[in-house]
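This report takes up the overall make-up of one protein chain, then a sheet, a helix and several points of backbone geometry. The sequence and structure are shown first.

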Amino acid sequence: MTTADQKKTVALLFGGCSPEYEVSLCSAAAVLRGLDPARYDVIPVGITRRGEWFRCACSADDIEAGHWTERPLIRASLSPDRSVHGLLEWDGDGVRPVRVDVVFPMLHGANGEDGTVQGLCELAGIPYVGCGVLGSAACMDKEVAHTLAAAAGVRVPRSVTLYKGEEGSPLERAAGLLYPLFVKPANAGSSVGISKARDMAELEAAVDLALQHDSRVVFERFVQGQEVECAVRGNDEVSGTHPGEILASAEFYTYDDKYISGTSRVAIPAQLAPEKLDEVRDLAVRAYRALCCKGLARVDFFVEHGTQRVLLNEINTLPGFTSISMYPKLMLAAGETYPGLLDSLITLALERAGGVHD
């Protein structure tokens, strides 16, 4: 239930300049289908790959198929002027303001998950779904996220960071972690630019790929274990689901595996002992709080074979909301409905707007 009985106007942002443009369309389409029209007036706001903003008269099917730009468009933008409290639209009669009650930023990757659009919403004084500026930025950065999590007592895999232009032989230091190892851009989402390297030749190629996405590269020790994920929700009062388990069809859980092919299978709950399920859930909540998350996040772990140690992989502050995405699957398995989940996230956004933003 929302915090008031009257209908709320929701600006649903999607698209954007990140490599995750396509999955943003799929997630936004699912959200548009799931929002109750009796409770919400939804304004779809598409952002092109070039960064142009448009209000569009489009359906969920149009968005999902990528045809939204072929429908009637009105140039629009979110105004940082708090007196507007919403969008500015440019049409033949000039500029007109459109009041918005809450923003649902279904933007994956750069400029969506990293605190950028969250900062714009803060300037505008408009409530928005999901984590704030600090939590978004911290979780998006793999080096920062692991540093903060480790300080809070959450185990993380051993890693080494390469800084572009750094002197010396960072590749040799990375190889000291022992092969195979993962090579990741420090600041990118959803497996973008990530490779698994088994020798120096693959390591060098992986570094070249990662540097296309960021100026820092994280070399991370490969953890042989189960990949499990928890859905966490809340502002001050936080709860997490028992984890689900990724049964990846590829050698590791790739971007294609997550969002495109849909060939990965999941087990909910994960195939773990009951006490281990509880441990993973509790660590997910601890990591969520340590990284200043609000609203929602998906917290991903490895459960190492043999030792059964639980190590944090990543926190995704705007997880996918497609039909094959783990966050809604976990919430539905816990007894939530899809429209009820969206309603609760909007309620959390409105409640948080009444307090202090991080």
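In which loop does Pro180 lie? In this predicted model, Pro180 belongs to the loop that runs between helix H6 (170-175) and strand S9 (181-185), and the peptide bond that leads to Pro180 from Tyr179 is cis, with omega near -5 degrees. A cis peptide bond also joins Ile268 and Pro269, with omega about 0 degrees, and Pro269 is placed in the loop between strand S15 (265-267) and helix H9 (274-290).

**The chain as a whole**

The protein chain contains eleven helices and 17 strands. Of its 358 residues, 56% are buried, and the chain exposes about 14600 Å², of which carbon and sulfur atoms supply 52%. Among contacts in the chain with a separation of 6 or more, 66% are between residues 24 or more positions apart.

**The seven-stranded sheet**

Seven strands form an open sheet in the order S6-S5-S4-S3-S2-S1-S7, and their pairing is mixed. Strand S6 (94-99) and strand S7 (102-105) each have a single partner strand and stand at the edges, so one side of each lacks a neighbour in the sheet. From one strand to the next, the twist averages 35 degrees.

Strand S1 (residues 8-15) and S7 run parallel and are joined by four bridges; across this pair, Leu13 stands opposite Pro105 in S7. Helix H1 (residues 21-34) packs on the sheet, where it touches S1, strand S2 (40-47) and S7, and the direction of H1 makes about 155 degrees with that of S1.

**Helix H9 and what follows**

H9 has 17 residues and reaches 25 Å from its first C-alpha to its last, which is close to the 24 Å expected at 1.5 Å a residue. Buried positions in H9 are Lys276, Leu277, Val280, Leu283, Ala284, Val285, Ala287 and Tyr288. An α-helix has 3.6 residues a turn, so residues three or four places apart point the same way. The buried residues of H9 pack against strand S12 (225-234), strand S13 (238-240), S16 and S17.

H9 is followed by Cys292, whose phi is positive. Most residues other than glycine have a negative phi, and most peptide bonds are trans. Gln308 likewise has a positive phi although it is not a glycine, and the two residues are set out below.

| Residue | Phi | Loop | Relative accessibility |
|---|---|---|---|
| Cys292 | about 60 degrees | between H9 and strand S16 (295-304) | 30% |
| Gln308 | about 60 degrees | between S16 and strand S17 (310-316) | 31% |

Are Cys292 and Gln308 buried or partly exposed? Because the partly exposed class begins at 20% relative accessible area and ends at 50%, Cys292 counts as partly exposed at 30%, and Gln308 counts as partly exposed at 31%.

**Ser325 in the loop after S17**

Ser325 is found in the loop between S17 and helix H10 (326-333). With a relative accessible area of 5%, Ser325 is buried, since buried means under 20%. The side chain of Ser325 makes a polar contact with the side chain of Thr322, at 2.7 Å.

Key
Residues are numbered from 1 along each chain as its sequence is written. This is a predicted model: local features need pLDDT of at least 70, side-chain atom pairs count only at pLDDT 80 or more; totals for chains, interfaces and linings use all residues. Side-chain values use heavy atoms; hydrogens and water are left out. Two strands pair if DSSP finds at least two bridges between them. Helices (H or I, at least four residues) and strands (E, at least two) are DSSP runs, numbered from the N terminus. Axes are lines fitted to C-alpha atoms, for helices over the stretch in contact, and angles run from 0 to 180 degrees between N-to-C directions. Contact means heavy atoms within 4.5 Å. Buried means under 20% relative accessible area, exposed over 50%, partly exposed in between (1.4 Å probe, protein chains only). A polar contact is a pair of N or O atoms within 3.5 Å; within protein, one must be able to donate a hydrogen and the other to accept it, and residues adjacent in sequence count only if both atoms are side-chain atoms. The expected span of a helix is 1.5 Å times one less than its number of residues. Accessible areas come from the Shrake-Rupley method with a 1.4 Å probe; for residues, only the protein chains shown count as cover.
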